[in-house]
Amino acid sequence: MTKLPPLSKVCDLGGDEFEKLMNQLLLSLAHAKRFHYEPHGKSGAADDGVDGLAAKGGVPGFTGPVAFQFKWLTGNLSRGGNASQIRDSFNDAVRSGIPLRHYVVVTPEDVSTAQKQWLSNLSPSKSLKVHQWGHARILSLLRSQPDLLAQYYPHSVASQPDASARTRKRLKAYLDWLIRECSPLKLGSIDQGAARPGQKPVGLRDVYVDLDLTLQIPKKQSLAAHLKATVGKGKVHPDSIQERVQELRRVPALEATGHHSRLVLLGPAGSGKSTLVSHLAQNLAEAVLGKRKSLTRLGPWWKEGALPPVRVILREFAASLPASIQRGRGEHLWDFIKSETQRRGFAPGTSEALREVAATQGALFLLDGLDEARDSGTRDRILEAVQEFAETVGPRCRFLITARPYAWEQNPKGQVPWPTAYRLGEFDEKQITAFIQGWFRSVSEAGWIGKSEAKEKGDSLQHSVGRVDIGPLASNPLLLTLMATLTTNRYRLPDDRSDLYDEVVKLLMQRWAETSGADRGLLDALAIPGLTLDHIRESMQQLAFDAHQRHAGQEGVANIREGELVGNLRPLLESTANAELALEYIEKRAGLLLSDGPGPQERQFTFPHRTFQEFLAACWLAEQPDFCQRAADLARQNPAHWREVLAFAARQAKVGRGVPAADALIGGQEFDAWSRENAANESVWRTAVVAGEQLLEIGLASVNARPEHRAVRRRVGGWIAALLGDTKAPLPVTERAKAGIVLARLGDERPGVGVKDGWPDIDWIVIPPGPFVMGEGKEQHSCEVIRNPFAISRYPVTVSQFKAFEDAGGYTERRFWSPAGWKWRQSQKITGPEDYFPTFQTLNHPRVGLSWFEAQAFSHWLAEVTKLHVRLPSEAEWERAARHTEGREYPWGEAGKGLEDRCNVDQTGLGQTSAVGMFPKGLATCGVADMAGNVWEWTRSLWGRKWDNPEFKFPYLGGEVREDENAPSDVPRVLRGGSWSSPADNARCACRYGGGPVDRYWFIGFRLVASPFDSGRRPL
């Protein structure tokens, strides 16, 4: 790569020439990145206080309008004329009336830390940030503009042809290696050949299934169109109602990758993050080397052509950073890339070639595994380095970071200010089927098993994933791959997660013991009488526990030193020589432990995935005589770190010791008794959830077999119910949502949530009569139609409550249905609600996937059962309960801060329904829950036939026509409350939507009202 000397040493540009150069560079960047840039403040500034303005969202790495000031230095930036001119320029920019978010001072030279600090102190407001671009950033812009480079630095291009040839050769070597590295399917870094030694491994491309995001958008709308339509929208207008209430689709991860130049993908362990990175790297590398067809595998959304990929394993980058580092810099990342290319034996100058290609052509930097950094402080340093790196590496570069959600969400100070972070969704039924078909086709072609056997085993696995206990596991790509591996090598799939991991561990350890070519197996080579793989496994289990304990407070897998491993094996294998021989097998054959290879320092080993480390640690813990006390101590020390270990351990300890261990986590007490003398904090709540997960891991069939164990289950459930009702909300909303699912599986006994004696246990809240403020804006008025008291259900009707209607034959009894509803049910062969992903069928979540007709039929059935006048609420009844009498904007009052902690809307980030009542801060004054967010709720009020012009308007006067329950099926009904997929603005108490009475979506549910003072009446 040609090195350019500092600008000020090349030619005496002077202030005007420097400003001209920078304006040319930024105009070129704006053209490439499709944003608007105007030199000399011509975008509407009241004065010429700045040298250039960029429209909001345009400059890579920035959000909001950006002002530029180009300063040809004549001394210290923070002193004399330089300082006063910059200060005046900044003040002029602030007074210009433009809502600036960033102010960038560009100088031909990099400036000192002290001068950068002086610049940052110019702005007292956090909403307007001051930045400095120096030599490095200008150079990266210039390298992408050959014409300008030749104009300003004609001598620098003289040797360019030779340099380009060397660059191409080094780039090819790197890409060839990357293809070899990424093309085999890997199971958490384990080559699938480990399952069939000496045979061809399964290729990633053979079984790759495109991942989806949890983000849902209208089926006929692209992600780009969706983002354009939703960004900056205010209140919802009627013409957008029909657009929202329509069939949705999950957005493919590849579509998001193609749209966003800077993207973060979040997902739990085994969700396919690293597999997606390998897929991108392999196909782009092949495309750069001439196989243009590979680009089609990235979908129609990829418009960047053959962009060279550069993969960075962030766990390894984190390990390269010194512990004393104060701030991450872009050069730290380049230094790591250089050291990695050297370590892997690439020709000298390979990292420089990658740097040149990135600056001139662009590159896709794949930054994989942020969560595997050693701690949150290191993650901050990594993100600082990535941010600076992204600003200087080259304007055409794109970036993808993968991480587990907590690694991104729990470090707000260190986050890269990138516009978008999405969550990866679980596999759905189609994706599971596609993977199974691809897997067994591939293992047959690879010669692992015959064609007929492959079909038989594929059908067997397809049947197994339909089981209630196995199905949820199959939605995780890692666990599905484990299932496929086991089914290929055995005939019976384990019944639960713990047994599944147990079988995989046996499979991987068998890799060490089998003969491979001229090499004997490990047990034969050691020749120690009576030694078995089980003995070696016991050593691995203690090793895993010690490593996990040492790794407390850190994420990812722990490093295990060579000396530690030898010391662990020496007593069992009788000598250091035998322990070192075992290490040779471990290193050569991979499997349960992976080595980072020989190097100048002591070798490091790791388990292939954190889950294996946790499972083996659990196996050791469960065998300890003081298991219950140890488990309680570990949970109280760090429940988040030991969560998976304790769940696995309870299953390994069996019900007799596992249930007492769960009870010990809550002190063997009911929450009410415990709370009289204690105050719950974050650690206490997490420990209670871990106790619930332990019981679920053991299996409720076993737990419920004995009365004393059932008592523990109810006790633990009481603790988690208390967590969901805690107004202090000490846990993040994502953790509370998971706790709600745990409670549902244990049995949610909160009043109003489930069933009692076989019937829905509705918790009615009485609303007194009287006038109240209804509507908003010009439609706001005093509504006086509520002249009698009524009762409204505390929660939306839940999955378990609606199931009682199904079980009672509600779909076959015509008397519960209106004539139009019965006709629709028969014509469409409707026998139950629409089911979606398993979470939507969680028993304590609102029932979704049902039409207005089904909600109406349920209310008629419950009226017959309870002898109350049960019905869907009118708009007036719904709004009175939601906003009290004074016309609140939201049930709790004004929106204010912390909206995501009060309701489940799109900004909350859950991407699905949640347990009813888990937002106690969002209760209405009357105590009704979930009236903002979670699900849109059917009312019995009519909207009118025209979507864009509601026939029934305000003031609300009620009447038989407006509340006609027997209106034709082509007349939409009113929906209220917003949902998990709606923007927060839609959760306003006065917001209205219309939905066709036959619409069934995963964001629509309902609640009920009743007249308990007028018993015996049935709705018409």
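**Inside the fold: cores, cavities and a few unusual residues**

Of the 1020 residues that make up this protein, 58% count as buried. The structure is a predicted model, and everything below is read from that prediction. In terms of regular elements, the chain has 39 helices and 29 strands. Much of the contact pattern links distant parts of the sequence: among contacts with a separation of 6 or more, 74% involve residues 24 or more positions apart.

What sits in the interior? As a general rule, nonpolar side chains in soluble globular proteins tend to be buried together. Here, the largest nonpolar core has 190 residues. Within that core, the residues with the most contacts are Phe 365, Trp 439, Leu 565 and Leu 592. Leu 592 makes a handy example to look up in the 3D view. Leaving aside residues up to four places away in sequence, Leu 592 touches Val 505, Leu 508, Met 509, Trp 512 and Met 540 on the earlier side of the chain, and Thr 606, Phe 607, Pro 608, Phe 612 and Leu 616 on the later side. Apart from the largest core lies another one, of 40 residues, and its members include Leu 248, Ile 762, Trp 980 and Tyr 993.

The packing also leaves some gaps. A search of the whole structure turns up seven cavities of 30 Å³ or more, and the largest of them has a volume of about 170 Å³. Lining this largest cavity are 13 residues, of which Tyr 174, Trp 177, Arg 311, Glu 340 and Arg 344 are the closest to its centre. Three elements give two or more residues to the lining: α7 (160-182), β11 (309-313) and α14 (330-343). So is the lining nonpolar, polar or charged? It is a mix, with eight nonpolar residues, one polar and four charged.

Cysteines are worth a quick look too. A disulfide is a covalent bond between the sulfur atoms of two cysteines. In this model the count of disulfides comes to zero. Two of the cysteines can be placed by their accessibility: Cys 182 has a relative accessible area of 1%, so it is buried, and Cys 989 counts as buried because its relative accessibility is 1%.

Some individual residues deserve a closer look, starting with Arg 379. This arginine has its place in helix α16, which covers residues 376-392. Is Arg 379 buried or exposed? The residue counts as buried, because its relative accessibility is 2% and the cut-off for buried is under 20%. Arg 379 also shows how the fold brings separate stretches of chain together: Gly 328 is 51 residues apart from it in sequence, while the two C-alpha atoms are 9.5 Å apart in space.

Tyr 208 gives a similar picture in a loop, the one between α8 (204-207) and β8 (212-218). With a relative accessibility of 16%, Tyr 208 falls under the 20% cut-off and therefore counts as buried. Which residues does Tyr 208 touch, not counting those up to four places away in sequence? They are Thr 275, Leu 276 and His 279. His 279 is 71 residues apart from Tyr 208 along the chain, and their C-alpha atoms are separated by 7.9 Å.

The loop between β25 (936-942) and β26 (973-976) holds Pro 955. A cis peptide bond joins Phe 954 to Pro 955, with omega at about 10°. Pro 972 is found in the loop between β25 and β26 as well, and this proline is buried because its relative accessible area is 3%. Beyond residues up to four places away in sequence, Pro 972 touches Leu 942, Trp 943, Gly 944, Arg 945 and Trp 947, and also Gly 994, Gly 995, Gly 996 and Pro 997. Pro 950 lies 22 residues apart from Pro 972 along the chain, with 9.5 Å between the C-alpha atoms.

Finally, two lysines stand out by their backbone angles. Lys 654 is not a glycine, yet its phi is positive, near 70°. This lysine is found in helix α30 (residues 654-665), and it counts as exposed because its relative accessibility is 51%, with the cut-off at over 50%. Lys 829 has a positive phi as well, of about 55°, although it is not a glycine. Its place is in the loop between α37 (819-827) and α38 (852-866). At 69% relative accessibility, Lys 829 therefore counts as exposed.

Definitions and conventions:
Residues numbered from 1 in each chain as written. Predicted model: local features only at pLDDT ≥ 70, side-chain atom pairs only at ≥ 80, totals over all residues. Heavy atoms only, no water. Core = buried A, V, L, I, M, F, W, Y, C linked by side-chain atoms within 4.5 Å. Buried < 20%, exposed > 50% of the residue type's maximum accessible area, 1.4 Å probe, protein only. Contact = heavy atoms within 4.5 Å. 1 Å grid on protein atoms, 1.4 Å probe; cavity = no way out; pocket = protein on both sides within 12 Å on 5 of 7 lines; lining within 4 Å. Points joined across faces, edges and corners; volume = space filled by probe spheres on them. Helix = DSSP H or I, 4+ residues; strand = E, 2+ residues; numbered from the N terminus. Nonpolar A, V, L, I, M, F, W, Y, C, P; charged D, E, K, R; others polar. Disulfide = S-S within 2.5 Å.
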